[in-house]
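Colleague: Before I plan any work with this model, I would like a close look at one helix and at what surrounds it. Could you take me through that part slowly, with the cut-offs behind each term?

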Amino acid sequence: MSKTFSGKQVVKALRRIGYVVDHQRGSHIFMHNLEKNISVTVPNHKELKKGTLNSVIKKVKITLNELKNLVYSKMKNPN
């Protein structure tokens with residue numbers, strides 16, 4: 001599994017845990033979780049730098065392994 005993630009992958013993973021896209025300004029996507037009242041900004045780049053990725057996962061209070069599982073897991077059918 002890759003240690004690098006794109007902004008698109010991170011946004012998709014955060015959506016799976018309850019974050020919604022609030023708005024976008026340029027290449028930055030602003031996401032918010034209403035239940036936890038946490039906002040996070042994810043750059044929509046091909047590859048997020050290590051420090052940027054660590055900042056995002058620290059703010060949303062998940063681990064790198066949890067992020068990997070969210071990115072690489074298939075969406076489960078709710079039916």
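Modeller: What follows starts with the basis of the model, turns to the helix, and then works outwards through its surroundings.

This is a predicted model, in which local features need pLDDT of at least 70 and side-chain atom pairs count only at pLDDT 80 or more, while totals for chains, interfaces and linings use all residues. Residues are numbered from 1 along each chain as its sequence is written, and side-chain values use heavy atoms, with hydrogens and water left out.

The chain has 3 helices and 3 strands, where helices (H or I, at least four residues) and strands (E, at least two) are DSSP runs, numbered from the N terminus. In sequence order they follow the pattern α-β-β-β-α-α. Of the 79 residues, 33% count as buried; buried means under 20% relative accessible area, exposed over 50%, and partly exposed in between, with a 1.4 Å probe and protein chains only.

The helix to look at is H1, residues 7–16, which lies across E1, E2 and E3 and runs at about 155 degrees to E3. For such angles, axes are lines fitted to C-alpha atoms, for helices over the stretch in contact, and the values run from 0 to 180 degrees between N-to-C directions. Gly7, Val10, Val11, Ala13 and Leu14 are buried in H1. Because they cover an arc of only 165 degrees around the axis, they sit on the same side of H1, the arc being that of the directions from the helix axis to the C-beta atoms. The face turned away from this buried side carries the exposed residues Lys8, Lys12 and Arg15. As for partners, the buried residues of H1 pack against E1, E2, E3, H2 and H3, with contact meaning heavy atoms within 4.5 Å. After H1 comes glycine 18, whose phi is positive, near 105 degrees.

The segment before H1 also deserves attention. Serine 6 lies there and is buried, with a relative accessible area of 15%. Leaving aside neighbours within four places in sequence, serine 6 is in contact with His45, Lys46, Glu47 and Leu48. A search of the whole structure finds 1 aromatic pair, and it is formed by phenylalanine 5 and tyrosine 72, which are tilted at 6.2 Å centre to centre with 45 degrees between the planes. Rings of Phe, Tyr and Trp (its six-membered ring) pair if their centres lie within 6.5 Å, and planes under 30 degrees apart count as stacked, over 60 as edge-to-face and the rest as tilted. Since phenylalanine 5 is in the segment before H1 and tyrosine 72 in helix H3 (residues 64–72), the pair ties together parts that are 67 residues apart in sequence. Phenylalanine 5 counts as buried at 1% relative accessibility, whereas tyrosine 72 is partly exposed, with a relative accessible area of 37%.

The strands that H1 lies across form an open sheet in the order E1-E2-E3, with antiparallel pairing; two strands pair if DSSP finds at least two bridges between them. Strand E1 (20–25) and strand E3 (38–43) are the edge strands, each pairing on one side only, and the twist averages 25 degrees from one strand to the next. Strand E2 (residues 28–33) is joined to E3 by 6 bridges; phenylalanine 30 stands opposite threonine 41, and histidine 32 has serine 39 as its bridge partner in E3. E2 and E3 form a hairpin with 4 residues between them, and asparagine 37 in the turn has a positive phi of about 55 degrees. Histidine 28, in strand E2, is partly exposed, with a relative accessible area of 32%. Not counting residues up to four places away in sequence, histidine 28 touches His23, Thr41, Val42 and Pro43.

Helix H2 (residues 50–59) is among the elements that the buried residues of H1 pack against. The buried residues of H2 are Leu53, Val56 and Ile57, and they are on the same side of H2 because they cover an arc of only 90 degrees around the axis. On the other side, Gly51 and Lys58 are exposed. What covers the buried residues of H2 includes H1, E3 and H3, and just after H2, lysine 61 takes a positive phi of about 60 degrees.
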